[in-house]
Amino acid sequence: MRQADGASYRFVIATRPLPAEELNLLSPSAPQYRLQPLQPSDILTVAQSWFRCLEVPDARRTASAFVAELQRLRLVPLAANPLMAALLCQLYGAHPGRRLPAHRSDIFRQFLALLYRRQAYGDGSGEGALLPQAQASLDRYGPEIADEAIRILTRLPRLAGHVAAERQAGNTASPLHILLTRTEAACPAWAPDSLRQVWKTFLEEGLRRSGLFTLRSGELGFVHHTFQEYLAACHVASEPKASKRALRNLYRKRLKRVRFRLLRLWQPPDHEDDGSFVGFLLDAWADTEHRTAVGSVLLSIATRGGEDWIVEQAMLGTHLPEDVVAITADVFHALADDGFVDGYWQVSCAGQMAKLADSRGFETLAGLVNDVTLEDEDRFKAAWELTYLSDQRGILALRAMADDTSIKPDLRIRAACALLEFADRYGAQALAALAAEDRGTTPWAPEPDSVPSNDLEHLLHIHRLLNILHRQASRIRSDEETHLMVAAGLSRLDNPRDHDTLNVLAGDPTLSPEIRTMTAAVLARLGDDRGRQALVTLADDDTISAYGRLDAADALAECADPRYVMLFETLVTTSSTGHPMIEGEVGVRAARLLIHHGGEEGRTAVYHLAVDPALHSSARLKAATVLDEVDDWRGLQALDILSRDPLARPEDRTRAQRQLQRIEHDRDTSSRSK
């Protein structure tokens with residue numbers, strides 16, 4: 001979202017994960033954040049709070065039993081979703097010690113039954129309950145109206161399903177309007193006209209007090225989109241025509257026509273294909289006549305490249321047919337056994353099997369953790385997967401890695417932080433021990449590759465490089481998760497001794513800049529000035545890569561330390577030297593971050609850079625371009641000045657002129673279209 005010059009408001013857009021092309025509609029300077037799932041230790045804290053709120057006796061012990069039940073049923077990944085954690089806590093709090101439902105649809109079904117009883121009948125006394133109050137308020141209009149109203153309220157969950165299906169299909173009308181179009185919910189035809197508005201008010205109040213809807217900007221809407229998905233799926237599954245259409249779309253919509261050809265190729269679903277709603281739909285079909293057809297479609301997906309989608313459904317808590325799960329696990333088992341795949345692929349395939357609750361996956365991961373022929377990075381990933389899936393062998397492996405002096409310190413720190421992430425306090429001890437170790441003063445550097453000496457070694461070298469390239473291309477999210485894991489784990493350290501540990505690690509030249517930046521950032525967020533100073537030192541260290549310095553300056557800006565302005569300006573002004581592709585991109589990113597963190601002051605700082613004749617013309621061009629991206633008129637002014645500057649490089653003057661021409665052309669096109 002773009003903010004007009006001088007605007008005094010800031011906007012936050014909250015949404016489910018969206019495709020990249022939709023997020024790209026936002027301004028390039030608009031930061032994007034992703035809400036992370038709850039960690040295991042967070043789940044325990046959330047459960048204690050819920051049980052105290054529900055007045056469950058001995059909330060702490062009940063919370064521990066609850067988490068143990070989650071681990072036994074392998075529901076910890078599902079409970080990492082805050083909504084699912086809330087539903088599970090309320091179900092367990094209503095009947096402590098009772099077995100929890102093992103699948104997502106069962107959780108929603110039992111919770112909605114609990115919610116309806118609570119809202120309709122209250123605590124049993126009838127005080128504040130929906131049904132008794134509706135009876136009392138409508139008795140004045142006669143017993144027939146009151147009885148009809150009670151009948152509507154008892155059928156409210158099914159009627160809400162119709163509303164959900166309409167909204168899921170794209171109907172933007174209000175839930176009340178959709179409900180009034182249903183014959184069984186409309187005001188009785190024999191009722192006098194004077195009761196029409198009363199009936200409408202009654203329905204609106206019934207929806208609002210059902211617990212399924214809430215008011216937003218004066219309009220009713222589902223309290224959470226996932227409730228809409230569940231109710232819509234149940235409704236679609238109960239309607240034969242709608243079911244057939246949805247089942248057909250599940251498979252046929254993956255047929256993509258190749259450009260300039262009549263042939264259509266089938267593609268497996270991906271994570272952007274409304275997987276949550278489809279998962280509920282698959283569960284709802286399990287007890288219908290479509291069960292066999294659904295199984296056939298899932299088998300086709302599993303054996304035609306959609307095995308990762310099947311795993312995603314399993315992790316969502318969808319109750320998949322046993323034969324589909326077995327065949328999908330066999331696919332990953334065959335891939336893991338392929339002698340040509342590297343350790344990264346072995347761990348990935350074993351992890352997918354384990355997520356399908358296949359014992360071969362857990363045993364393979366446990367074996368890979370202890371396989372000394374694998375890279376330490378792959379062994380760490382295997383240990384993390386085991387721990388994430390509540391296998392105690394993962395915790396033991398992470399502890400061993402944190403103490404193993406034969407592996408890189410960076411990986412040992414990540415292992416210790418992973419222990420903290422999974423609520424194992426041994427991680428804090430391991431970090432303290434790492435900080436106290438003497439690793440010398442040799443700066444961190446990647447290990448050089450050996451030069452191949454013959455044709456066979458050259459071939460193996462190419463294969464190794466291809467694996468590395470694929471690994472790096474596949475680890476965009478993995479690296480992000482590692483950073484978040486380290487930050488989340490370290491942020492649990494809250495005593496002065498832990499602060500000293502972070503300070504030592506942040507200043508350790510034998511560690512990578514990424515690890516040092518993360519530890520310094522956490523220390524700064526904990527209110528320790530040493531963390532901010534460490535970030536300044538890292539951002540100003542010209543022996544570190546430009547990207548590393550940019551990350552340190554960005555972390556400093558997140559701490560609201562004003563020194564970030566000078567550091568970003570330095571990165572912009574020095575971006576004309578060094579590698580043109582890398583340094584140039586860093587300069588643009590630094591200018592964008594300067595505007596993002598500094599607001600109007602940041603724009604002014606970038607403008608001063610764009611018109612500073614003492615700066616290299618390429619740096620000025622980057623600054624002017626970023627100003628134009630955020631619709632700042634000074635960007636055009638800076639481009640105009642640069643295009644006529646005789647001291648600027650000719651190529652930079654030409655680029656500025658072309659950019660001005662493009663902007664002018666876009667304006668003319670826009671004016672004509674209006």
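# Salt bridges, burial and cores in a predicted model

User: Let's start with D628 and R662: what makes this pair a salt bridge?

Analyst: In this predicted model, the side chains of D628 and R662 come to 3.8 Å, N to O. The cut-off is 4 Å between a Lys or Arg side-chain nitrogen and an Asp or Glu carboxyl oxygen, so the pair qualifies as a salt bridge. D628 sits in helix α32 and R662 in helix α34 (residues 650-673), so the bridge ties together parts that are 34 residues apart in sequence.

User: Why is D628 called buried?

Analyst: D628 has a relative accessible area of 18%, and buried means under 20%, so the label fits D628. Its partner R662 has 41%; that value falls between the 20% and 50% limits, so R662 is partly exposed.

User: How do you know that E385 and K355 form a salt bridge?

Analyst: Their side chains meet at 3.9 Å, N to O, which is within the 4 Å limit, so the pair counts. This bridge links distant parts of the chain: E385 is in helix α20, K355 in helix α18 (residues 343-355), and they are 30 residues apart.

User: And what are E385 and K355, buried or exposed?

Analyst: E385 is at 7% relative accessibility, under the 20% limit, so E385 counts as buried. K355 has 21%, and because that lies between 20% and 50%, K355 is partly exposed.

User: What makes D358 and R360 a salt bridge?

Analyst: Their closest N and O atoms are 3.0 Å apart, within the 4 Å cut-off, so they qualify too. D358, at 14% relative accessibility, counts as buried, whereas R360 is partly exposed at 29%. The structure holds 27 salt bridges, and R649, E651, D652 and R655 are linked in a network of them.

User: T387 is also in helix α20. Why is T387 called buried?

Analyst: Its relative accessibility is 8%, under the 20% cut-off, so T387 counts as buried. T387 touches G394, I395, L398 and F422, leaving aside residues up to four places away in sequence.

User: What makes the approach of T387 to I395 a polar contact?

Analyst: The T387 side chain reaches the backbone nitrogen of I395 at 3.3 Å, and the limit for such N or O pairs is 3.5 Å, so the distance fits.

User: Which residues have the most contacts inside the largest nonpolar core?

Analyst: They are F51, F66, L70, L282 and I310, in a core of 135 residues. F66 touches I43, A47, F51, L88, C89, Y92 and L100, not counting residues up to four places away in sequence. A second, separate core of 49 residues includes L556, A623, L636 and A656.

User: Why is A560 called exposed?

Analyst: A560 has a relative accessible area of 60%, over the 50% cut-off, so A560 is exposed. A560 is found in the loop between α29 (546-558) and α30 (564-573), and has a positive phi of about 60° although it is not a glycine. D631 likewise has a positive phi of about 60° without being a glycine, in the loop between α32 (617-629) and α33 (633-643).

User: Where is confidence lowest, and where is it highest?

Analyst: Confidence is lowest in strand β3 (residues 255-257), at a mean pLDDT of 44, and highest in helix α5 (residues 82-94), at 95. Over residues 1-5 the pLDDT is below 50, and over residues 442-452 it is below 50 as well. Where pLDDT is low, the predicted coordinates should not be read in detail. The protein's mean pLDDT is 81, and 81% of its residues reach 70 or more.

Methods:
Residues numbered from 1 in each chain as written. Predicted model: local features only at pLDDT ≥ 70, side-chain atom pairs only at ≥ 80, totals over all residues. Heavy atoms only, no water. pLDDT = per-residue confidence, 0-100. Helix = DSSP H or I, 4+ residues; strand = E, 2+ residues; numbered from the N terminus. Contact = heavy atoms within 4.5 Å. Buried < 20%, exposed > 50% of the residue type's maximum accessible area, 1.4 Å probe, protein only. Polar contact = N/O pair within 3.5 Å; in protein donor to acceptor, adjacent residues only side chain to side chain. Core = buried A, V, L, I, M, F, W, Y, C linked by side-chain atoms within 4.5 Å.
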